[in-house]
Amino acid sequence: MFDNAYEKADEAKQIQRAQKEIHQFAVLYDRYVQQVYRFLLARTANVAEAEDLTSQTFLSAIERLQTYRPTGHFLSWLLSIARNKQIDHYRKHQRQIVLELDENIAENQQDLVNNLIQKEHRDALKRILSELPEKDRELLNLRLAARMSFTEMGVYLHKNEDGVKKAYYRLLERIKARVEGNLG
Amino acid sequence: MDNLCLDAFELELEKAMGLSDASPQFVQSLRRKVLNPQKSNYWRCPLVWRVALVLGLVMSITFFAIGPQNVVVAVRQWLGQYFPGIGFIENSETLRILESPVSVKSDGVEVSVQWAYTTEEKTVIAYPEENDTRICQNWLVYSPETRQDIQTLALGKLVLPDGHELKWDHNGGYQPVPPDIDDVILIIYTHKAVPDCPTDVSCRCMDEDQRIEIPLKFVAPSQGTALEIYEMQFTPVVPTQTLEKDKE
């Protein structure tokens, strides 16, 4: 999320403090809880599951904090835990990962959405999003849901930052073209 | 939370994805939970691990309370004694092994019994490997009971000095050799294949004279004896006549 060295160093110190005193973890929690939650919400499309998995993620992070070595990519580490928790969750419940949008959530957002885009436009976008392959959806989740920087996305995906950036913008172009094609 | 600059289209996408922040109530509730963990990591373990941990602790305490040497003795008594090539022998006090490998030559064939043992349950005599090509080249082992050529000496006869036969029980061995008897005789039958035997005619009629008697002597092994893995060997002896012909 932050790319400059000063912020990274500051976070590294904060993590070291949290490793010594648990209440110091509050700063990290406050910084990242919404990103982790949104990331899980995007992947589960279910508020209750996203909350449950967010809880599991942070409780697990607290347990493993002593083994974490500050590398400047704490959010990537948290999201890796979150992703594994979600995979475990679906494995236990023997469910396929549902990637379609939850209508309830969509309905809750309807007013806001209507203020921003027309209904037809929105429906086309939703349909296109639901048809995206997993790797493309992951790019959107990391960028738009978890609000990751391209540097962090590169770390999380084990890919080159520039490559991730290009892939993301190409994906946006493809989605735009499809929306225009659908509406045209 | 966010210092990323999203353009209008990205914002549209974000809305279409149905994303929203977590409720303040949830965030506060989880904050308390994370910063004040009520239970230790141990009790977050799955039940099966907890049970395994408790069992392991109980076993360790018992092990050290009884004494490691006593436990080893008890386990050895329970499992029996392990002999390489034989395996664990229950009640190894009753185990007797072949004193030494025995070889007998008879009418062009040499038969060696390299290892055998007897316990209070059974007597086991080694048998040759199935792919041992030395068997059945010139001479075959024949079982009078099954009237078939065989590759296992276990189907021979095992008799005591008084002529009493120890039966083959098909459970992996003969009847045990009585504890007061150490010497037994293994009898196997051989016959020479007839090269020009007509079809459908048995050319392998057995004769008591074609039997080989192999004396076996069983002794108690010394404690801790490491036995080698022995296998029975058949060594067909090249007939003298053939050798003489070769020389000519």
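With 17 C-beta neighbours inside 10 Å, A:Gln24 counts as partly exposed in this predicted model, because a residue is called buried only from 20 such neighbours upwards and exposed at 12 or fewer. A:Gln24 lies in the loop of chain A that runs between helix H1 (5-20) and helix H2 (25-44). Leaving aside residues up to four places away in sequence, A:Gln24 touches A:Gln14, A:Arg17 and A:Ala18. One of these, A:Gln14, is ten residues from A:Gln24 in sequence, and the C-alpha atoms of the two are 7.2 Å apart.

Further along chain A, two helices pack against each other. Two packed helices are described by the angle between their axes and the distance between the axes. For helix H3 (residues 47-64) and helix H4 (residues 74-92) of chain A, the axes come within 9 Å and cross at roughly 125°. H3(A) and H4(A) are therefore oblique to each other, and H3(A) passes H4(A) in a right-handed crossing. On the side of H3(A), the contact is made by A:Leu53, A:Gln56, A:Thr57, A:Ser60 and A:Ala61, while H4(A) contributes A:Leu78, A:Ile81, A:Ala82, A:Lys85, A:Gln86 and A:His89. Sorted by character, the residues of this contact divide into five nonpolar, five polar and one charged.

Helix H8 (residues 134-145) of chain A has as its buried residues A:Leu139, A:Leu140, A:Asn141, A:Leu142, A:Arg143, A:Leu144 and A:Ala145.

Chain B, with 248 residues, of which 21% count as buried, has five helices and 14 strands. Among the contacts in chain B with a separation of 6 or more, 65% are between residues 24 or more positions apart.

How far apart are the end C-alpha atoms of helix H3 (residues 47-66) of chain B? They are 29 Å apart, which agrees with the 28 Å that 20 residues should span at 1.5 Å a residue. H3(B) is hardly covered, since the count of buried residues among its 20 residues is zero.

Two of the helices described here are followed by a residue with a positive phi, as the table sets out.

| Helix | Residue just after the helix | Positive phi |
|---|---|---|
| H8(A) | A:Arg147 | about 55° |
| H3(B) | B:Gly67 | about 110° |

Terms used: Residues are numbered from 1 along each chain as its sequence is written. Chains are lettered from A and ligands numbered from 1 in the order in which they are written. This is a predicted model: local features need pLDDT of at least 70, side-chain atom pairs count only at pLDDT 80 or more; totals for chains, interfaces and linings use all residues. Axes are lines fitted to C-alpha atoms, for helices over the stretch in contact, and angles run from 0 to 180 degrees between N-to-C directions. Helices (H or I, at least four residues) and strands (E, at least two) are DSSP runs, numbered from the N terminus. Angles under 35 degrees count as roughly parallel, over 145 as roughly antiparallel, 65 to 115 as roughly perpendicular and the rest as oblique. A crossing is left-handed if the near helix is turned anticlockwise from the far one by less than a right angle, and right-handed if clockwise. Two residues are in contact if their C-beta atoms, placed from the backbone, lie within 7 Å. Ala, Val, Leu, Ile, Met, Phe, Trp, Tyr, Cys and Pro count as nonpolar, Asp, Glu, Lys and Arg as charged, and the others, Gly among them, as polar. The expected span of a helix is 1.5 Å times one less than its number of residues.
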